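Grab a pencil and work through these exercises with the structure open beside you. Try each task yourself before you read its solution.

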Amino acid sequence: MSPGLRIAVCVKQVLDTGVPLAVANGAVRQEAPWPIARVGAAERAALEAALRWREQMGGAVLAVSVGQDEAEAALRLCLARGAERAVHIVRADRLDAVGSASAVARVLANEAVDLVVCGGASGDGASGLFPAVLAAELDAALLTAVSGVRLEGRHLEVERRLERGNREQVSCELPAVLAVEPVLAEPRYISVRAVQAARERMVETVHSSEGPSPGYDLLALEPAKPRPKRVSGPDARLSAMDRLAHLVTGGVQQKQSGGFTEGAADQVADAILRYLQDKGFVRGRT
Amino acid sequence: MIGRQILGNIAGWLQVVMYVTTLGSAALAIAVLWRHVAHWRRGRAEGPLLPWQERWPDFVRRALAQRDIGDPDRLAGWMHRMIFWGFVVLFIATTLTAIDHDFGLPILHGPFYLVFAFLSDLFGLFFVIGLGLALYRRYGLRLPQLGYRRPGDGLILALLLLVGLSGFWVEGARIAQTGWPGYERVSFVGWTTALVLSAVVPSGSWSAVHQELWSLHVVFIVGLFAALPFTRLVHMVTTPANILLRARRLGALRPVAAGKPVAELEAFSWKQLLELEACTSCGRCSSVCPATASGKPLSPMLVIQHLREQLQGERHDPQLIANDGPGVIDPNELWSCTTCGACEEICPVAINHIDRIVDLRRVLAEDGALQQPTTRALESMLGKGNPWDHAPSERARWAERLGIRVLREGEPCETIYWVGCAGAFDEQARKITEAVAKLCKRAGVEFGILGPREGCTGDFARRLGEEGLFQTLAERNAAAIRSHQPKRLLTHCPHCLNTFVREYGLEGIEVVHHAAFLEQLVAAGKLPLTRGGVQRVTFHDPCYLGRYNGIYEAPRLALGAIPEVELKEMGRTRQRSFCCGGGGGQVLLNVPIGERIPNLRFAEAEALGVDVIATACPFCKIMLAPVPAERGVEGKIAVKDVAELLAEACV
């Protein structure tokens, strides 16, 4: 048996969405007279869940964040909440989710972690890409939309939240990367005194200047250009129910889709990839 | 020769036995009491005691004159006074007898003896009647507040009564045995007892009967001495000591000790531990507690008594707070307290319940054992300066419409109107703010507000146990206030008021509550109140205005100045006001157990048949205002602040 679980939690400092933004001196600034560190709701749940597993099974929690000074504030929050260590990956530039995940993966590769817990989506960008790239780089199982976890030894059983309130139960062996939902764990309250005490704690720093790992290139970023839709009024001869349906759907009877693919996971994945390539969403790397 | 025969009829060996047993049991009692002192010494140091000019008059009033004890239960008051004064006079009488006999000073002779004998009998009679009342209250009426029983409760009442009764038997037998001297008629109870006894005692055997009754009397006294330190009779020592060593009053909370707070008896001060043993479990605190009355799991008396049991080794819980696993106090007991102070106000023995409850809340808060929505409120207080997640920049939104001056940092201003979070953001409370601002403008008072630089004063944070948050908020706010060098800080929130006055230390700045301020403006004729209309009004005393800061008259005077207003008082008013249920962070906690406290208070006002419940606290209004709609009497009874009523009357 291992002496305990080595858990890494990835956090990102975000702006408090409840505080309005203001433009001053050519910069967007938050009008917070007393700024405090914030991480997204999903990441708070991730940290809380990690701390609870640590309390039950022993081990240690390592908090990781990428960025400039603001990342340190997020890490101190993690230390105040009970993380054993905090690693600040210092970057002068702003990385996107793919770049951040690669940078974190390079650090975690040396830490021999059993479990990485991330928020399913950060509090701001919410691309949801970070955990997937991290799992790929670490060659670990990826479990997304996690709303419940049972952990026994190195066996992991996870409840995933699907659409329309459906739930899916899956299991795997560690190591794994979890992308969790905010419902996973209600974060504990951390007193101001504990936060103040965490100011004395050490945050380890790792300087990173490399670009993102090869294999992921951002080719272009195009803003969405939605075309105006022609919507027909409901036919007066239709029944009331049909007219309602017409109004609600905008007259579209059935959504066009790439079709429904069934089969083993790798076959399905191939089909999805082919579809994406056909439609021009993805290039190369087949 | 008029005088008292002392031990004249008692055999020498019996006298020796008497001296040995009484002195021995008294010595034993003192030795056991010393162990109680060791209990208190487990506690930390206490802050400075109140000045002696306050403590000694309080001691005389409470302990000697027994002034507060009959409030509100007059029967209980007279019961205790009769026992206490009876005991004291009999004790003095015994001491005089001992001085006369053992030191050979002949004092019990002549006219002095006649006065002595009469008074001894009179107070002895009081003593016996008082004990009869005590037994009647405990075992006849079976009062609910006496529901907490301790071993020996019946025994000590019986022993005290038997000591009193047997004293009269001995006296009667002595009168008969000494040949019925006529002057002994002043010992009217003893004389009567002698007459009754003579119906059964043959005239030749008085000497033997006297000696037997005397021995019985001694047995009871020895039993009483022995029982004293082991039963609630120990309050004869601990309670006067507690009153005399008073260190704190309702208002400011105890400062935190260094380091992480812990839930151990040793974390309390010696005074807090002494209080545990000074409590007589009379139940007055719980009978006025809004949490108890609404069926929440808190009884202030049981908090004190359960802690005492742990201190004295009557219970052996592994921890003080039953947070995870068994403990002395359930967290829900702690979270049910509204810190209204009714318990401390009524406690006849000057126990401070609230800072003890908050001390234990501090442990829970540091342990992170706070639940939603409180957690979110506290985090919002830190980041946004208000408990409801509103953006700080929205704080002065109400003022824009009214053209109120929002101060820039450092801009000097004589009068600052401190709006508070409720006053700025809550729909009900904002009506108070607007009324106060309008009235001030009408009266020509120049004032400014801090707007976005104002933050929650931290009263709720502190009373929820989040001391670090309170300190942070207090530093910020004090610096923001001082930067304007104000002379006066006006607030309509008694919680802000109390925190400013007692916990911020804003020296040189007068903090004034709007009820008092507006009343002064009315009295000075600056606010012409001409419009009537509202008729029957009752005033609900906010706890932090009345009990905490002693402001009772100003709001009533202000209301009385409104034409056509008829002020009616609720049964529980002024010092005895019943909390709205919002204090101590309850607005943010909302313990979902039992009846809602504002409903109880509203029902009281409703029974009075009033049109308006007036109050002077935004949180009282927030708690009480939704009740009429819930009870289906919307439009019949309104809940309004004094300022709103004044603004309506001021054309």
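**Exercise 1. Contacts along chain B**

Among contacts in chain B between residues at least 6 apart in sequence, what percentage join residues at least 24 apart?

*Solution.* Before we start, some ground rules. This is a predicted model, in which local features need pLDDT of at least 70, side-chain atom pairs count only at pLDDT 80 or more, and totals for chains, interfaces and linings use all residues. Residues are numbered from 1 along each chain as its sequence is written, while chains are lettered from A and ligands numbered from 1 in the order in which they are written.

Step 1: Two residues are in contact if their C-beta atoms, placed from the backbone, lie within 7 Å.
Step 2: Take the contacts in chain B between residues at least 6 apart in sequence; 78% of them join residues at least 24 apart.
Step 3: For a sense of scale, the C-alpha trace of chain B spans about 100 × 55 × 45 Å along its principal axes.

**Exercise 2. Domains 2 and 4 of chain B**

Find out which elements of domain 2 of chain B touch domain 4 of chain B.

*Solution.*
Step 1: Get the bounds, which come from an automatic or database domain assignment. Chain B splits into domain 1 (12-243), domain 2 (251-366), domain 3 (374-522) and domain 4 (528-649).
Step 2: Look at the pair we want. The C-alpha centres of domains 2 and 4 of chain B are 29 Å apart, and 18 residues of domain 2 of chain B are in contact with 19 residues of domain 4 of chain B.
Step 3: Name the elements. Helices H11 (290-293), H13 (331-335) and H14 (342-346) of chain B each give two or more residues to the domain 2 side. Helices here are DSSP runs of H or I with at least four residues, strands are E runs with at least two, and both are numbered from the N terminus.

**Exercise 3. A four-stranded sheet**

Work out the strand order of the open sheet of four strands in chain B, and spot its edges.

*Solution.*
Step 1: Two strands pair if DSSP finds at least two bridges between them.
Step 2: The order is E5-E4-E6-E7 (chain B), with parallel pairing.
Step 3: Strand E5 (566-568) and strand E7 (638-641) of chain B are the edges, as each pairs on one side only.
Step 4: Zoom in on one pair. Strand E6 (residues 612-615) of chain B pairs with E7(B) in the parallel sense over four bridges, and B:Val612 stands opposite B:Ala638 in E7(B).
Step 5: Add the helix. H29 (residues 642-649) of chain B lies across E6 and E7 of chain B and runs at about 90 degrees to E7(B). Axes are lines fitted to C-alpha atoms, for helices over the stretch in contact, with angles from 0 to 180 degrees between N-to-C directions.

**Exercise 4. Buried or exposed?**

Is A:Val23 buried or exposed?

*Solution.*
Step 1: A residue is buried if 20 or more other C-beta atoms lie within 10 Å of its own, exposed if 12 or fewer, and partly exposed in between; C-beta atoms are placed from the backbone.
Step 2: Find A:Val23 in strand E2 (residues 21-24) of chain A.
Step 3: A:Val23 is exposed, because it has 8 other C-beta atoms within 10 Å.
Step 4: Now try helix H22 (residues 494-504) of chain B, where nine of its eleven residues are buried. Among them are B:Leu497, B:Phe500 and B:Tyr504. Just after H22(B), B:Gly505 takes a positive phi of about 70 degrees.

**Exercise 5. The largest core and the sheet of chain A**

Which helix gives the most to the largest nonpolar core?

*Solution.*
Step 1: A nonpolar core is a set of buried Ala, Val, Leu, Ile, Met, Phe, Trp, Tyr and Cys residues joined through C-beta atoms within 7 Å.
Step 2: The largest one has 212 residues, and A:Val9, A:Leu134 and B:Leu646 are among those with the most contacts inside it.
Step 3: Helix H1 (residues 41-57) of chain A gives the most, with eight residues.
Step 4: See where H1(A) sits: it lies across strands E1 (5-10), E4 (59-67), E6 (115-119), E7 (141-152) and E10 (176-180) of chain A, running at about 170 degrees to E1(A).
Step 5: Fill in the sheet, which is open, has nine strands in the order E9-E8-E7-E10-E6-E1-E4-E5-E11 (chain A), and shows mixed pairing.
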